[in-house]
Amino acid sequence: MDQATAPADQPASNDIYANPPDPDVLELEPIHPGIGDAAYVARRHELFALCRQYRLGSLGPPIVDYNAEEERIWREVSPKLDELHVRHASRIYLDAKRELGISEVAIPQLRHLSGHLTGRTGMHLVPAEGPIAYRIFYAYIADGGFPCTQFIRHGSKPEYTPEPDMIHDCLGHVPPLLNDDYAALLRMIGRAAVRARSGDHVLALKRLSWFSIEFGLIEEADEARVFGAGILSSMSEIPYSLSPGVERRPFVTDEVIETDYDWTKMQELLFVIPSFGFLRQEVERLVQRMGIDVS
Ligand SMILES: [Fe+2]
């Protein structure tokens, strides 16, 4: 979710989430596994142009004709992730994923998923050509739209992507959008982020989102389950997040909003949210404390 750039009052950083590349052109990171694959790069340019055109024209997600290699990567990653989800994902995620019926054998079309979401929670998917500037990203969310990529990682490293791709978005972020409470929480965060007037408040909201929506754990039946999309979309990070190698602290909002993170590596510190209701209440209180009207 946190495909965001810092507003003008925030210091620049090399975090592509905080400071995305020029949105007019596609730029793959030098470390990208597909950088030397001309066919992959050409495909990425093609999808970039298509999704950008549909996003800027408010046309909804285009129907994409995925090629055999893209379908192969999906079929390789999706069942492995599902096995991990069954064992470790939060109930709110699992229930929604099953109801949404995302296939393990064919890449879903965002247009169809979006229609399903709209019928249930009023949310819709916005085609995203890549990272989107912070204010624009959260303006979409405040309006019930979730920006979602339509390209897939490179096949040489199906377990890894240096950028949010369709596996991250569709198998991490999209399912819980089917839940009314989750959708309402996202909209509230979106409205708060868009209306925040202080750089400190924006940073606090970004950290809160990072350690919940993106990399949160949640307590269910006395055990930590995976809640955040960044963990849910990574075959290695799901078991790692629950391993002894990670420090897991209780989710204390004042501590969370003071804690920095490094998006370039697996997260060594995570916070465990006691319940979804607790998170909702904490966001409401924080936004109120900041004096932001999210009504
Ligand atoms: Fe994300």
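## The sheet and its strands

In which sense do strand β3 and strand β6 pair, and over how many bridges? In this predicted model, β3 (residues 217–220) and β6 (residues 269–273) run in the parallel sense and share 2 bridges. One residue to look up here is L217, whose bridge partner in β6 is V272.

Both strands belong to an open sheet of 4 strands. Reading across, the order is β4-β3-β6-β5, and the pairing is mixed. At the edges sit β4 (223–226) and β5 (247–250), each of which pairs on one side only. On average, neighbouring strands of this sheet are turned by 40 degrees against each other, with direction ignored.

## Where the pairing changes sense

Let's walk through the other pairs. β5 joins β6 in the parallel sense over 4 bridges, and E247 stands opposite L269 in β6. β3 and β4, on the other hand, pair in the antiparallel sense, over 4 bridges. L217 turns up again here, with V226 as its bridge partner in β4. L217 therefore has a bridge partner in β6, namely V272, and one in β4, and the general background is that strands of a sheet pair through backbone hydrogen bonds, either parallel or antiparallel.

The link between β3 and β4 is a hairpin with 2 residues between the strands. If you check backbone torsions, have a look at A221 in that turn: its phi is positive, about 50 degrees.

## An enclosed strand

How many residues of β6 are buried? The count is 5 of the 5, so β6 is largely enclosed by the rest of the structure. Its side chains point two ways: L269, F271 and I273 go to one side, L270 and V272 go to the other, and all are buried.

## Helices

Helix α8 (residues 199–214) is mostly covered too, with 13 of its 16 residues buried. At the start of α8, S198 places a side-chain oxygen within 3.1 Å of the backbone nitrogen of D200.

A helix pair worth viewing is α5 (residues 134–142) with α7 (residues 180–195). They pack with their axes 7 Å apart, at an angle of about 140 degrees. Because of that angle, α5 counts as oblique to α7. The crossing of α5 and α7 is left-handed.

## Cysteines without a bond

How many disulfides are there? The count comes to 0. As a reminder, a disulfide is a covalent bond between the sulfur atoms of two cysteines. The cut-off used for a pair of cysteine sulfur atoms is within 2.5 Å.

C51 is in no disulfide, as the nearest cysteine sulfur, that of C148, is 9.5 Å away. C51 counts as buried, at 2% relative accessibility. For C148, the closest cysteine sulfur is in C170, and the 4.5 Å between them is too far for a bond. C148 is buried as well, with a relative accessible area of 0%.

How values were computed. Residues are numbered from 1 along each chain as its sequence is written. This is a predicted model: local features need pLDDT of at least 70, side-chain atom pairs count only at pLDDT 80 or more; totals for chains, interfaces and linings use all residues. Side-chain values use heavy atoms; hydrogens and water are left out. Two strands pair if DSSP finds at least two bridges between them. Axes are lines fitted to C-alpha atoms, for helices over the stretch in contact, and angles run from 0 to 180 degrees between N-to-C directions. Buried means under 20% relative accessible area, exposed over 50%, partly exposed in between (1.4 Å probe, protein chains only). A polar contact is a pair of N or O atoms within 3.5 Å; within protein, one must be able to donate a hydrogen and the other to accept it, and residues adjacent in sequence count only if both atoms are side-chain atoms. Angles under 35 degrees count as roughly parallel, over 145 as roughly antiparallel, 65 to 115 as roughly perpendicular and the rest as oblique. A crossing is left-handed if the near helix is turned anticlockwise from the far one by less than a right angle, and right-handed if clockwise.
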